[in-house]
Protein chains: 2
Amino acid sequence: MATTTARSPRKSAETDEASTRDRILDVALQSFAELGFDGASTRAIASLAGVNQGLIPYYFGTKDALWREAVDRAFARLGEAVGVSVQEAADGSSGERLAVLIRRYIRFVAEHPEFVMMMNEEGKRDGERMQWITDTHVRPIFEIMTRLFEGARDEGVLPTEIGVPHFHYLFVGATAALFHQAHECRRLFGVEPTDPRVVENHADAVVRLFLGDPELGRAPRDPQETA
Amino acid sequence: MATTTARSPRKSAETDEASTRDRILDVALQSFAELGFDGASTRAIASLAGVNQGLIPYYFGTKDALWREAVDRAFARLGEAVGVSVQEAADGSSGERLAVLIRRYIRFVAEHPEFVMMMNEEGKRDGERMQWITDTHVRPIFEIMTRLFEGARDEGVLPTEIGVPHFHYLFVGATAALFHQAHECRRLFGVEPTDPRVVENHADAVVRLFLGDPELGRAPRDPQETA
DNA sequence: GTCTATAATTAGATAGAC
DNA sequence: GTCTATCTAATTATAGAC
């Protein structure tokens, strides 16, 4: 159990040798998101990664440890793409910074629907995995978002009558549902949620809905542009 | 496979004899919603219903057929609680009728989070079950909702710039996330989503967000009151 | 590092007693 | 109508060859 046999991430002396482990992690996140922890079998994950099932215990020890590493990677990518902590320190009004965050987050979710699928998958159950995600990854982000919500409320761009928990779930729900339910959306509306125009329209809609001004946060397309 | 051995729903000549089947369906929906189709085992469902595993093939034939009947029941309950088709024919402006629908739907979801959990569970995959739900249950409701959205837009209470598919997912996402992620919400905020005050606050917040006027649709608490 | 083989467990579905 | 017992298949994890 304690013999996790952790590999050092820096292993590729030649070209790209250490990619098997990463490939497994990528398909694992996708599989866990789509099928849930129980529904995703390590055999199927290994097969999708083009390797044998025996490699998964070898690299990660247990299925649970594999899941944890896959989730860590997902949040690392979210951090890079959205830059919550960086954006908090940026200049501009809270409303403007919130709008930038909303737009970046929507683009991230559009590109990585598996992130929201995984979050919804675990957030609905009261198990160890939900508690671990909440304590390890969600709470730090939520604290920054709360300050931003309250700042925007003080500026008068967010209605004061709506409490922070309501804002939080109104926001994450309204933002992600289109991309989480992508297959349903295609069948029901014939709309492709990953279409860049659809993504930008959704970002505009969310900013308009919450902040009123649809021009807010329009400029920066990339996290690096404001850094 | 074709020998489904369907029971007639009306069987109870005495007091309440035909309740075993219904009990199985109730715990099945709950289990499928929480754990997904694969994660929920027929043994666990039977155990929760207080019966033997062998009874499930007896009543429903296959696990898939059990799932279908459980979903049918869920949508039947939604129809009773919200009364979409009834409400469409009611008098009042489209905005007013939409607000009534929003409030009823939120109360329904608060009481039956398993409904949204099941919808999210299936809507994220492109499988037979998603297609069946969409064609059988979602499309009829969506068509009524679309007319209501467009009516409210013509009245000027909904922004014209936001397209119907965006509205649809903004709405279902913003409405349901709080109750879908109930366990996360308890751990993160210490807020109990099923608390009636929290439910009404959320309904107020959604109506305010989409329709501006938080007083809209406040009066009727029960579907029967307007019938 | 990647594979094959396999052990131990659990899944859904069937057969048949009562 | 409900149960026990059992069949077949699939699951995670382990042992060990190369």
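How far does a polar side-chain atom of Arg43(B) lie from a base nitrogen of DNA strand C? In the predicted model examined here, the separation between that polar side-chain atom of Arg43(B) and the base nitrogen of DNA strand C is 3.0 Å. The counterpart in the other chain, Arg43(A), places a polar side-chain atom 3.5 Å from a base oxygen of DNA strand C. Contact with the backbone of the strand is illustrated by Thr20(A), in which a polar side-chain atom is found 3.1 Å from a phosphate oxygen of DNA strand C.

Taken as a whole, the surroundings of DNA strand C comprise 16 residues, of which Asn52(A), Tyr59(A), Thr42(B), Gln53(B) and Lys63(B) are the closest. Of the atoms of DNA strand C that come within 4 Å of the protein, 55% belong to sugar and phosphate. At least two residues of the surface near DNA strand C come from each of two helices, H3 (55-60) of chain A and H2 (42-49) of chain B, and H3(A) makes the greatest contribution, with three residues. When the residues of this surface are sorted by class, six are nonpolar, six are polar and four are charged.

The surroundings of DNA strand D likewise consist of 16 residues, the closest being Thr42(A), Arg43(A), Gln53(A), Asn52(B) and Tyr59(B). Sugar and phosphate make up 56% of the atoms of DNA strand D that come within 4 Å of the protein. Several contacts with phosphate oxygens of DNA strand D involve chain B: a polar side-chain atom of Thr20(B) lies at 3.0 Å, a polar backbone atom of Asn52(B) at 2.6 Å, and an N or O atom in the side chain of Tyr59(B) at 2.5 Å. On this strand the helices that each supply at least two residues of the nearby surface are H2 (42-49) of chain A and H3 (55-60) of chain B, with H3(B) giving the most, namely three residues. The surface near DNA strand D contains six nonpolar, six polar and four charged residues.

Turning to charged pairs within the protein, a search of the whole structure returns 36 salt bridges over all chains. In one of them the side chains of Arg73(A) and Asp26(A) meet, with an N to O distance of 2.9 Å. This pair joins distant parts of the chain, since Arg73(A) belongs to helix H4 (residues 63-82) of chain A and Asp26(A) to helix H1 (residues 19-39) of chain A, a separation of 47 residues. Arg73(A) is partly exposed, with a relative accessible area of 23%, and Asp26(A) is also partly exposed, at 33% relative accessibility.

A salt bridge within a single helix is provided by Arg139(B) and Asp135(B), whose closest N and O atoms are 2.7 Å apart. Both residues lie in helix H8 (residues 128-154) of chain B, where they are four residues apart, or about one turn of the helix. An α-helix has 3.6 residues a turn, so residues three or four places apart point the same way. Arg139(B), at 24% relative accessibility, is partly exposed, and Asp135(B), at 34%, falls in the partly exposed class as well.

In a further salt bridge of chain B, the closest N and O atoms of Glu192(B) and Arg186(B) are 2.7 Å apart; Glu192(B) is partly exposed with a relative accessible area of 31%, and Arg186(B) is partly exposed with a value of 30%. Beyond these pairs, a network of salt bridges links Glu121(A), Glu122(A), Arg125(A) and Arg129(A) with Lys124(B).

The geometry of helix H4 (residues 63-82) of chain B was also examined. At 1.5 Å a residue, its 20 residues should span 28 Å, and the end C-alpha atoms are 29 Å apart, which agrees with that expectation. The buried residues of H4(B) are Leu66(B), Trp67(B), Ala70(B), Val71(B), Ala74(B), Phe75(B), Leu78(B) and Val82(B). Viewed down the axis of H4(B), these buried residues fall within an arc of 165°, and they therefore line one face of the helix. Just after H4(B), Gly83(B) adopts a positive phi of about 60°.

Key: Residues numbered from 1 in each chain as written. Chains lettered and ligands numbered in written order. Predicted model: local features only at pLDDT ≥ 70, side-chain atom pairs only at ≥ 80, totals over all residues. Heavy atoms only, no water. Near = heavy atom within 4 Å. Polar contact = N/O pair within 3.5 Å; in protein donor to acceptor, adjacent residues only side chain to side chain. Nonpolar A, V, L, I, M, F, W, Y, C, P; charged D, E, K, R; others polar. Salt bridge = Lys/Arg side-chain N within 4 Å of Asp/Glu carboxyl O. Buried < 20%, exposed > 50% of the residue type's maximum accessible area, 1.4 Å probe, protein only. Expected span 1.5 Å × (residues − 1). Arc of directions from axis to C-beta.
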